[in-house]
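Grab a pencil and work through these exercises with the model open beside you. Each task comes with a solution that goes step by step.

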Amino acid sequence: MEKTPSAVQIKGLRDGLLVTLTGEVWEDQRAALLAQIEERTSFFRGARLALDVGAQVLGVNELVELRDLLSERGIALWAVVSESPKTEKTAQLLGLATRISKPRPEETRKFAVEDLGDETALFLNKTLRSGTRIEFAGHVVVLGDVNPGAEVIAEGNVIVWGRVRGMVHAGSKGNRKSVICALDLSAAQLRIADEISAPLKPPSHPHPEIARINKDGRLLAEAWQSG
């Protein structure tokens, strides 16, 4: 199933993770989700998961089976979001939420860049592989690498304690003061607000770097030094 990764999109929420499934066949959607979980066991373990199944029509048996499969893997299914009235009613009968709270734009913009409060940062203790897309209304910290084909999109800063070779977009809602920091910036593409970096060449001697928009409005990377 070569297209499996693109069938599963992951977003960070204050209440856990929002997983959106695409495709028409439920068995394929479920298999794609379980495949992602098996590949990223430590990333998903202990997570509270909200599932967006689109217009998929699901009965009690399908949702109970999925809930049990997730529970066996240490994941708590707490919400199912659907355009189908039947799926929504089934979820409610099982005691699952059918609405999730998303931060309003004015709420997410008010956080200062230096504010790393508990509710505004998503911490990922995992290398992000190809096909993984992370979006978060705040800061994102990755303890691992961002591999080619992976994407990290944050409304605040992005800090990677590892190597960046995928796509990273900080300040996605227009915050031009956002920064991208990494131990090795070899990214295919960096974005801050509406600025896009020129292709980055892998450094011969990797060192910590910070990318930001300078006074001239250009996105540039420079040595990342404390203070």
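Some vocabulary to begin with: a residue is buried under 20% relative accessible area, exposed over 50%, and partly exposed in between (1.4 Å probe, protein chains only). You're looking at a predicted model, where local features need pLDDT of at least 70, side-chain atom pairs count only at pLDDT 80 or more, and totals for chains, interfaces and linings use all residues. Residues are numbered from 1 along each chain as its sequence is written, and side-chain values use heavy atoms, with hydrogens and water left out.

**Exercise 1. Find out what is unusual about the backbone of Ala-193, and whether the residue is buried or exposed.**

Step 1: locate Ala-193 in the loop between strand S12 (189-192) and strand S13 (195-196). Strands here are DSSP runs (E, at least two residues), helices are runs of H or I with at least four, and both are numbered from the N terminus.
Step 2: check phi. Most residues other than glycine have a negative phi. Ala-193 isn't a glycine, yet its phi is positive, at about 55 degrees.
Step 3: check the accessibility. Ala-193 comes out at 12%, so it counts as buried.

**Exercise 2. Work out what the side chain of Asn-157 reaches.**

Step 1: go to the loop between strand S8 (151-154) and strand S9 (158-164), where Asn-157 sits.
Step 2: note that Asn-157 is buried, because its relative accessibility is 9%.
Step 3: look for a backbone neighbour. A polar atom of the Asn-157 side chain lies 3.0 Å from the backbone nitrogen of Val-179.

**Exercise 3. Describe the largest nonpolar core.**

Step 1: pin down the term. A nonpolar core is a set of buried Ala, Val, Leu, Ile, Met, Phe, Trp, Tyr and Cys residues joined through side-chain atoms within 4.5 Å.
Step 2: pick out the best-connected members. The largest core has 52 residues, and Val-19, Phe-44 and Leu-51 touch the most other members.
Step 3: ask which helix gives the most to this core. That's helix H1 (residues 26-39), with five residues.
Step 4: don't miss the second, separate core of six residues, among them Leu-18 and Trp-78.
Step 5: zoom in on Val-19. Leaving out residues up to four places away in sequence, its contacts (heavy atoms within 4.5 Å) include Ile-10, Leu-33 and Phe-44.

**Exercise 4. Trace three salt bridges and say which parts of the chain they link.**

Step 1: set the cut-off. A salt bridge is a side-chain nitrogen of Lys or Arg within 4 Å of a carboxyl oxygen of Asp or Glu. The structure holds 11 of them.
Step 2: take Glu-135 and Lys-11, with N to O at 3.9 Å. Glu-135 is in strand S6 (residues 133-136) and Lys-11 in strand S1 (residues 8-13), so the pair ties together parts 124 residues apart in sequence.
Step 3: move to Glu-38 and Arg-73, at 2.8 Å, N to O. This pair links helix H1 to the loop between H3 and strand S4 (76-82), 35 residues apart.
Step 4: finish with Arg-163 and Asp-184, whose closest N and O atoms are 3.2 Å apart. Here strand S9 is linked to strand S11 (residues 180-185), 21 residues apart. Arg-163 is partly exposed at 33%, whereas Asp-184 is buried at 8%.
Step 5: look for shared partners. Salt bridges join Lys-11, Arg-133, Glu-135 and Glu-151 into one network.

How values were computed: Polar contact = N/O pair within 3.5 Å; in protein donor to acceptor, adjacent residues only side chain to side chain.
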